[in-house]
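The following account leads the reader through a protein assembly, beginning with one helix and widening to the chains around it. Please keep the sequence and the model in view while reading.

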Amino acid sequence: MTTTTERAVGQPIGRIEGPDKVRGTARYAAEYQVGDDLAYAWVAQSPVARGTLTGVTVDPLVEADDVLAVLWHGNAPRLGAADDPELAVLQSDRISYRGQALALVVARTLEAARRAAATLSLEIDEEPHDCVLRTEHPDLYTPEKVNPAFPSETTSGDVEAAFAAAPVTVDVTYRTPPLHNSPMEPHATTALWANDDLVLYDSNQHPPGVAAAVATVFELPPERVHVITEHVGGGFGSKGSARPNAVLAAMAARVTGRPVRLALPRQALFSMVGHRTPTIQRVRLAASSDGHLTAIDHLAVSHTSRLFEFAEQTAVSTRHMYAAPNRRTGHRLVRLDMPTPRWMRAPGEAPGMVALECAMDELAVALELDPIELRVRNEPTVEPESGVPFSSRHYVECLRRGAERFGWGDRDPRPKQRREGDWWIGTGMAGATYPTMAQPSTARARRLPSGDYEVSIAATDLGTGARTILTQIAADALGVPVSQVRVRIGDSTLPKASVAGGSSGSASWGWAVTGACQALRSNSSSDEAVFDSTELVQKQEKDGKHAFGAHFAEVRVDAVTGEVRVSRLFGMYAAGRILNPRTARSQFLGGMIMGMGMALHEEAVLDPAMGTWVNHDLAEYHVPAHADVESVEAEWLEEQDDQINPMGSKGIGEIGIVGSPAAILNAVWHATGVRVRDLPARLDKILPHL
Amino acid sequence: MDLVVNGVEHSLDLDPRTTLLDALREHLGLTGAKKGCDHGQCGACTVLLNGRRVNSCLILAVTLDGTEVTTIEGVDHPVQEKFLEHDGFQCGYCTPGQICSAVGMLDEVAKGWPSAVSTGEDHLSDADIKERMSGNLCRCGAYPNMVPAIREAAGR
Amino acid sequence: MKTFTYRTATDVSQGLEPGATFLAGGTNLVDLMKLGVATPDVLVDVTRLGLDEVGDRPGGGLRIGAGVRNSDLAADPRVRRDYPVLSQALLAGASGQLRNMATTAGNLLQRTRCRYFMDATMPCNKHDPGSGCPAREGDHRNLAILGASPSCVATHPSDMAVALAALDAVVRISGPAGERTVPVTELHRLPGDTPDRDTVLEHGELITAVDVPPLGFAARSAYRKVRDRASYAFAVGSIAAAAQVDDGTVTDVRLAFGAVAHKPWRAFVAEEALRGQPATRESFLTAADAELAAAEPLRDNAFKIALIRNLVASVLEGLS
């Protein structure tokens with residue numbers, strides 16, 4: 001028997017599927033060969049933001065030899081009631097947003113499907129639409145809860161009295177634009193029916209969830225839907241649940257009796273699969289003259305669609321960041337004739353911490369206090385709103401250690417002081433936080449005749465390194481080298497896993513994997529063990545569990561053009577035990593780079609008259625390119641936390657985008673004296689003030 | 001029409017609208033080249049045509065009669081091993097395009113081609129690698145790991 | 001994408017039947033065909049006409065074949081030595097992959113990236129004459145400040161064309177009616193009431209080459225492009241400049257602006273204002289102001305005036 005001398009967890013093991021990815025043999029949802037009679041589907045999307053679809057006319061001369069079906073609400077099969085109204089595709093004449101799927105063409109070839117969809121005549125009674133988010137909107141309301149189940153409003157103390165009495169206050173409004181997840185792999189499904197069983201090769205972050213949702217819609221027993229998700233080309237939240245493509249592909253396959261592939265075109269992702277809501281956030285801070293916060297007030301306004309209430313939890317991180325005796329947070333929502341917003345990497349925290357952490361920077365300036373020192377002075381001893389002790393909190397250590405590593409110490413606090421050639425140079429910082437969560441999951445461990453082990457769980461690896469990390473966790477729990485462990489994921493028929501979301505994958509799945517492997521190891525009489533973490537997870541205290549971090553940025557702003565470049569971006573994290581430093585570093589860096597996009601580049605541009613975002617492709621919706629990314633580095637503190645899960649790990653997939661935009665914006669101010677409160681900080685907002 | 005892919009000749013009867021990318025993925029089963037945008041805006045579909053990197057999504061297959069196409073399935077280059085070593089990818093979807101692009105790019109550097117940030121005759125700096133690779137988007141943000149991978153693959 | 005028939009061109013002057021169009025690198029045309037914005041019935045492939053050489057002209061200057069790929073042109077030693085502004089403009093555009101595909105003539109003839117034009121479901125006088133121009137009231141941050149019309153505020157997206165306009169390049173054209181030449185500065189039209197026509201080319205006319213005349217001081221020339229991310233993005237504003245400065249005086253100058261108009265904008269007014277003036281920041285700004293006096297910015301693009309003004313001063317200072 002082989003023995004291990006080294007723990008696998010904590011080792012920088014390379015990605016197990018890496019060789020397949022660099023050779024091009026890793027298969028994604030639209031890449032399965034499923035038979036010679038494969039048909040292709042293409043969606044016809046609404047050209048108006050509001051109205052009714054009264055008819056669809058097919059030109060009989062267009063692609064007549066190849067078109068197999070044209071589906072719309074007038075002829076589509078009736079579906080069962082869906083929990084998510086976006087999955088009730090082609091069921092109603094109502095048009096809720098521009099870009100909504102109104103019809104589906106199925107054809108023998110991709111070329112024919114696309115052409116036929118483009119030439120459908122959609123008969124529409126158009127109605128006036130309303131797509132503009134504003135703080136004075138008469139239909140603003142307070143949602144009952146915000147994502148996923150936080151109270152919408154919290155208050156303690158007397159906020160107004162504290163503001164009236166405070167010697168120093170900041171009252172600022174920050175706006176963040178709608179953002180698009182834009183994973184490199186567009187949402188795609190290959191669907192086929194085998195008798196009454198449905199097989200979906202689908203790109204998503206939660207195979208069991210997609211299987212359940214699709215089963216509900218088609219009124220099938222859940223076990224009759226089989227979702228295969230071997231590799232996922234990124235999701236960032238946009239693939240967290242079934243999207244219309246899965247239902248449309250399955251419907252098309254049922255109607256035509258053929259396997260059907262539906263790969264959404266890039267442009268469709270900008271309306272059909274979710275986005276990050278725009279926000280308008282008012283943050284008010286009151287402080288004593290020595291920099292102790294006496295009141296925090298954070299109100300966030302965002303939109304949702306007519307179809308579905310998604311209430312981004314924008315102000316929630318403000319509830320635990322800083323101590324203050326008087327505090328209030330709230331959310332307002334308005335339903336607009338817009339696509340449904342959904343999760344995008346760190347929903348809530350990412351936009352919310354822009355407003356809070358930039359406001360903190362503004363307060364530090366008003367107080368003439370170093371922004372790190374301001375934060376240190378307001379470090380809470382327990383979670384401020386719940387009163388629950390933190391399971392671990394090393395925010396101050398992140399600030400201090402990060403400042404040291406970044407070289408913050410000799411910073412001149414005054415803006416617009418450093419010039420090198422045409423460049424104004426400045427530095428900025430901001431805090432970061434992300435909740436530490438775990439969700440119930442089940443894993444199975446098997447001893448194979450070869451002596452190796454197979455560990456199965458219906459998780460997914462969308463680039464996080466999950467497949468590799470679960471192998472490491474299993475190896476340690478079994479007490480064997482990783483070479484003896486084969487982890488099977490990406491299949492809804494495996495033991496039920498939670499979603500790859502909320503930075504909770506490793507914690508949730510690792511918990512179940514640990515349990516199953518330990519059970520197998522302790523029972524030599526059986527070759528199989530199954531472990532369901534539900535009970536343990538549910539009895540866990542939920543409050544007081546967070547990862548923390550600090551972001552530091554150095555930017556240069558071109559005095560001639562107003563262009564901003566990020567010379568250095570640095571993150572220091574306290575995120576529990578780091579399970580795999582190689583993949584963890586990549587996760588942190590990736591989040592920070594997406595944060596750079598949020599700060600400087602990314603914005604869905606609304607045309608209110610057209611009722612849509614006009615820059616709906618990757619040429620015009622600018623995600624960071626190679627050349628935008630200069631020095632980006634991440635480090636972390638060793639953090640022990642035995643209250644969170646068996647591995648002691650906190651989620652790391654999202655914290656990198658939390659606070660990094662604020663650090664960059666604060667650095668832009670320091671470089672130029674220009675405070676950009678309306679993201680992104682593009683040159684046209686800076687140049688006129690230089 | 002005849003298409004030579006990774007040294008193998010294929011006889012195809014294609015709709016003239018078929019792009020090289022769709023010919024590879026839907027007709028030849030070579031799914032290594034990815035469809036990220038289908039409009040030349042992301043680089044995931046990058047392949048080599050007679051050794052030069054191109055966006056296969058914007059090339060009509062019918063125009064290629066006789067041209068040598070190399071896809072990721074036909075690439076065997078040190079940059080692949082370096083991507084593994086440096087964790088130069090996460091989700092992997094842009095990766096075949098990044099690798100084909102890097103292979104083509106290093107050949108351009110060898111020919112002394114300039115870039116927007118270099119004259120082509122000087123040292124291949126990190127800034128130069130980034131500029132030359134900017135036609136390949138990576139939403140996971142694996143850029144900082146790809147740069148040393150490419151630099152080392154170039155033997156620098 | 002609409003069905004079409006495909007054939008290869010065998011002669012530069014054979015012209016085109018109605019509904020036909022020439023195909024070269026395809027980087028813009030295939031893109032627009034997929035979007036349903038371009039709907040040709042016939043594609044005539046001109047890449048096998050042998051128009052892919054860069055040659056020396058008798059008496060100096062270069063003749064650039066219409067089919068020369070952008071990357072080959074940018075790397076050409078003569079271009080880099082004698083016309084660095086052209087090499088820099090090419091390298092500032094698109095990506096390595098696209099430059100390997102795109103041709104000289106195709107680059108000149110690429111169409112606007114106005115977001116309304118690029119979306120066949122939107123009204124747009126350029127792709128659907130008479131349907132209106134939503135950009136005027138809608139999204140126009142990156143659209144024209146010079147020479148626009150009530151019908152169209154689109155910009156020409158090319159970087160290369162801006163350099164060629166500054167260099168007094170001349171386009172050689174063949175067609176059934178014979179050959180003719182048109183200066184690059186007169187190839188593209190202003191939109192007026194007929195924004196559906198980008199250029200003065202007649203249907204069936206084919207660009208066969210671009211002649212770049214000798215211009216000694218172009219060896220000191222530069223292209224500066226400003227965009228919303230560091231690379232792989234269309235310009236928000238750009239300038240191409242070449243200057244001859246003797247004893248502190250601007251004796252001759254070439255200046256053109258990109259991303260400000262329906263055509264690459266040759267700054268003749270600024271050039272005239274500069275000749276004979278001291279090579280100082282003040283002169284450069286005065287000249288820029290003279291050119292930009294004609295600007296009529298829309299609600300969200302007035303920043304381009306300051307941007308171009310700053311670029312003129314900065315780039316000319318760098319060349320002086």
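Against which elements do the buried residues of helix 1 of chain B pack? The model is a predicted one, and in it these residues pack against helix 2 of chain A, together with strand 1 (2-5) and strand 5 (68-70) of chain B. Helix 1 of chain B spans residues 20-27, and seven of its eight residues are buried, so the helix is largely enclosed by the rest of the structure. The buried residues are L20(B), L21(B), D22(B), A23(B), L24(B), R25(B) and E26(B). After the helix comes G29(B), which has a positive phi, near 70°.

Helix 1 of chain B also belongs to the contact between chains A and B. That contact involves 45 residues of chain B and 44 residues of chain A. On the side of chain B that touches chain A, two or more residues come from each of helix 1, helix 2 (78-86), helix 3 (95-110), helix 4 (126-132) and helix 5 (143-153) of chain B. By residue type, this side of chain B divides into 18 nonpolar, 16 polar and 11 charged residues.

Chain A also meets chain C. Here the contact takes 28 residues from chain A and 27 residues from chain C. Within chain A, helix 2 (110-119) and helix 16 (683-686) each supply at least two residues of the side that touches chain C. Helix 2 of chain A gives the largest share of that side, namely four residues. The side of chain A that touches chain C is made up of 14 nonpolar, four polar and 10 charged residues. Helix 2 of chain A thus appears in two settings: it is packed against by the buried residues of helix 1 of chain B, and it contributes to the side of chain A that touches chain C.

The overall form of chain A may be considered next. Its secondary structure comes to 16 helices and 28 strands. The radius of gyration of chain A is 26 Å, which agrees with the value near 26 Å that a compact globule of 690 residues would have. Along its principal axes, the C-alpha trace of chain A spans about 75 × 70 × 50 Å. Of the 690 residues in chain A, 64% are buried. Among the contacts in chain A with a separation of 6 or more, 82% are between residues 24 or more positions apart.

One sheet of chain A shows how helices and strands are arranged there. Four strands form this open sheet in the order 22-21-20-23, with mixed pairing. Its edge strands are strand 22 (485-488) and strand 23 (528-532) of chain A, each of which pairs on one side only. From one strand to the next, the twist averages 15°. Strand 20 (residues 442-447) and strand 21 (residues 453-456) of chain A pair in the antiparallel sense over four bridges. The bridge partner of R446(A) in strand 21 of chain A is E454(A). Helix 11 (residues 466-478) of chain A packs on the sheet and touches strand 20, strand 21 and strand 22 of chain A; its direction makes about 135° with that of strand 22 of chain A. Helix 12 (residues 505-521) of chain A also packs on the sheet, touching strand 20, strand 21 and strand 23 of chain A, and its direction makes about 35° with that of strand 20 of chain A.

The account now turns to chain C. Its secondary structure comes to 11 helices and 12 strands. The radius of gyration of chain C is 19 Å, close to the 20 Å that the globule rule gives for 320 residues, so chain C is as compact as a globular protein of that length. The C-alpha trace of chain C spans about 60 × 50 × 35 Å along its principal axes, and buried residues make up 61% of its 320 residues. The domain assignment of chain C gives domain 1 (5-45) and domain 2 (222-319), and 35 Å separate the centres of these two domains, taken over C-alpha atoms.

Chain C has an open sheet of five strands in the order 4-5-8-6-7, with antiparallel pairing. Strand 4 (54-56) and strand 7 (178-183) of chain C are the edge strands, each pairing on one side only. The twist in this sheet averages 25° from one strand to the next. Strand 5 (residues 62-65) and strand 8 (residues 206-212) of chain C pair in the antiparallel sense over four bridges, and G65(C) stands opposite A209(C) in strand 8 of chain C.

How values were computed
Residues numbered from 1 in each chain as written. Chains lettered and ligands numbered in written order. Predicted model: local features only at pLDDT ≥ 70, side-chain atom pairs only at ≥ 80, totals over all residues. Pairing = 2+ DSSP bridges. Axes fitted to C-alpha atoms, helices over the stretch in contact; angles between N-to-C directions. Domains from an automatic or database assignment. Contact = placed C-beta atoms within 7 Å. Nonpolar A, V, L, I, M, F, W, Y, C, P; charged D, E, K, R; others polar. Buried ≥ 20, exposed ≤ 12 C-beta atoms within 10 Å, placed from the backbone. Rg over C-alpha atoms; globule rule 2.2 N^0.38 Å.
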